[in-house]
Amino acid sequence: CTKIFTWYAQQHAYLIERLANVQVTGGASLLDETVIFFGSQLQNPANHAKTDMPFLLAGNGGGLRTGRWLRKSHESHNNLLAALSGLCGKPVQTFGDKEFCTAPMEGLT
């Protein structure tokens with residue numbers, strides 16, 4: 001699993017680097033207009049845990065504020081997905097099963 005996850009992380013790092021190096025109108029980079037979400041459906045593949053799952057967000061699309069570490073106390077990742085939908089111009093109050101999504105996650109912008 002470590003080799004597989006390392007490969008995926010390297011691919012995401014490559015994507016982020018390439019987007020950062022593409023200049024668009026106004027001097028911004030393509031990364032400045034993008035939101036990248038990287039994560040896994042499991043926190044720990046060995047025991048299939050689904051709490052405290054780490055996710056990486058990159059880019060500044062939709063006003064995403066990066067360069068920091070956010071710790072959300074067992075908040076559903078569906079709330080994160082609802083917030084990401086809003087950053088992409090499609091605001092929604094729920095994402096997926098409403099039982100697991102209370103509202104879009106706050107604090108991303």
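Me: Which residues of helix 2 are called buried?

Reply: Asn78, Asn79, Leu80, Ala82, Ala83, Leu84, Ser85 and Leu87. Buried means under 20% relative accessible area, exposed means over 50%, and partly exposed is in between (1.4 Å probe, protein chains only). Before we go on: this is a predicted model, where local features need pLDDT of at least 70 and side-chain atom pairs count only at pLDDT 80 or more, while totals for chains, interfaces and linings use all residues. Residues are numbered from 1 along each chain as its sequence is written, and side-chain values use heavy atoms, with hydrogens and water left out.

Me: What makes helix 2 "mostly covered"?

Reply: Eight of the 11 residues in helix 2 (residues 77–87) are buried. The cover includes strand 1 (36–38) and strand 2 (56–58). Helices here are DSSP runs of H or I with at least four residues, strands are runs of E with at least two, and both are numbered from the N terminus.

Me: Why is Leu84 called buried?

Reply: Leu84, which lies in helix 2, has 8% relative accessibility, so it falls under the cut-off and counts as buried. Leaving out residues up to four places away in sequence, Leu84 touches Val35, Phe37, Leu57 and Leu108. Touching, or contact, means heavy atoms within 4.5 Å.

Me: What about His12, buried or exposed?

Reply: His12 sits in helix 1. At 18% relative accessibility it is under the limit, so His12 counts as buried. Not counting residues up to four places away in sequence, it touches Ile36, Phe37 and Phe38.

Me: And which residues does Phe38 touch, if we skip the neighbours within four places in sequence?

Reply: Phe38, a strand 1 residue, is in contact with Tyr8, Ala9, His12, Pro54, Phe55 and Leu56. Take Ala9: it is 29 residues from Phe38 in sequence, and their C-alpha atoms are 8.2 Å apart.

Me: Which word fits Phe5, and why?

Reply: Phe5 is in helix 1 (residues 2–20). With 37% relative accessibility it lands between the two limits, so Phe5 is partly exposed.

Me: What makes up the nonpolar patch on the surface?

Reply: Ile4, Phe5, Trp7 and Tyr8, with about 430 Å² of accessible area together. A patch needs residues with over 30% relative accessible area and no salt bridge; nonpolar side chains (Val, Leu, Ile, Met, Phe, Trp, Tyr) are joined within 5 Å, like charges within 9 Å. A salt bridge is a side-chain nitrogen of Lys or Arg within 4 Å of a carboxyl oxygen of Asp or Glu. The areas come from the Shrake-Rupley method with a 1.4 Å probe, and for residues only the protein chains shown count as cover. Phe5, at 37%, is over the patch limit, so its membership fits.

Me: How do you know that His74 is exposed?

Reply: His74 has a relative accessible area of 55%, which is over the exposed limit, so the label follows. This residue lies in the loop between strand 2 and helix 2, and it has a positive phi of about 60° although it is not a glycine.

Me: What is the overall pattern along the sequence?

Reply: It reads α-β-β-α, with two helices and two strands. Of the 109 residues in the protein chain, 22% count as buried. The C-alpha trace spans about 45 × 35 × 20 Å along its principal axes.
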